[in-house]
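Colleague: I'm still learning to read structures like this one. Could you take a close look at the aromatic rings with me, and at what surrounds them?

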Amino acid sequence: MTAVAAAALMIWSASGTAAVDVLKATGGLPAHIVGQFEDPVGFAEASDGRFVVLDRRAHTVYVIDRAKTAARKLVEVGFEKGRVLGPGVLALSRDDIFAVADAPNGIERIQYFSLEGMLLGGAFTGVVMGSL
């Protein structure tokens with residue numbers, strides 16, 4: 001048996017009449033996977049069906065397999081290149097390179113990674129958070 005998630009959306013017109021539209025989920029990640037994250041702030045689906053997830057509180061980027069059965073850590077906490085500290089933004093390009101913006105020691109930077117977690121490049125912006 002498959003459960004289908006749905007939500008009701010109440011729409012009000014200018015005249016005060018209401019209509020209800022039922023929104024059904026078209027996909028998503030299982031609760032047992034998403035429940036592993038502390039503060040997931042970025043989700044992106046790669047071209048091959050894997051998902052990349054940025055967990056801000058854990059300072060970690062995960063990849064979820066195509067079957068949506070397991071999450072694996074790709075990038076972990078740290079101030080060194082190839083690690084993240086204080087991440088806030090995740091972006092995924094069409095060629096499945098993902099970028100993470102973080103701010104170790106309050107200095108903003110952007111790093112680029114492959115879906116295998118290999119650091120491909122990046123740059124410090126040189127801006128100290130809160131200085132502008």
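**Rings, sheet and core**

Modeller: Let's start with F43, which counts as partly exposed because its relative accessibility is 42%; buried means under 20% relative accessible area, exposed means over 50%, and partly exposed is what falls in between (1.4 Å probe, protein chains only). Please keep in mind that this is a predicted model, where local features need pLDDT of at least 70 and side-chain atom pairs count only at pLDDT 80 or more, while totals for chains, interfaces and linings use all residues. Residues are numbered from 1 along each chain as its sequence is written, and side-chain values use heavy atoms, leaving out hydrogens and water.

How many aromatic pairs does the structure hold? There are three. Rings of Phe, Tyr and Trp (its six-membered ring) pair if their centres lie within 6.5 Å; planes under 30 degrees apart count as stacked, over 60 as edge-to-face, and the rest as tilted. F43 pairs edge-to-face with F37, at 6.4 Å centre to centre and 70 degrees between the planes. F37 has 8% relative accessibility, so it counts as buried. Together with Y62, F37 and F43 form one aromatic cluster.

Now compare F98 and F113: their ring centres are 5.3 Å apart and their planes meet at 20 degrees, so this pair is stacked. F98 belongs to strand β8 and F113 to strand β9 (residues 107–113), so the pair ties together parts 15 residues apart in sequence. (Strands are DSSP runs of E, at least two residues, numbered from the N terminus.) F98 counts as buried because its relative accessibility is 0%, and F113 is buried, with a relative accessible area of 0%.

F98 also leads us to the core, meaning a set of buried Ala, Val, Leu, Ile, Met, Phe, Trp, Tyr and Cys residues joined through side-chain atoms within 4.5 Å. The largest nonpolar core has 14 residues, and F98 is among those with the most contacts inside it, as are V52, V61, V75, L90 and V100. At least two residues of this core come from each of β4, β5, β6 and β8 (98–102). A second, separate core has six residues, including I33, F51, V53 and I64.

Finally, the sheet. It is open, with four strands in the order β3-β4-β5-β6 and antiparallel pairing; two strands pair if DSSP finds at least two bridges between them. β3 (40–45) and β6 (71–75) stand at the edges with a single partner strand each, so one side of each has no neighbour in the sheet. Five bridges join β4 (residues 51–55) to β5 (residues 60–64), and the bridge partner of F51 in β5 is I64.
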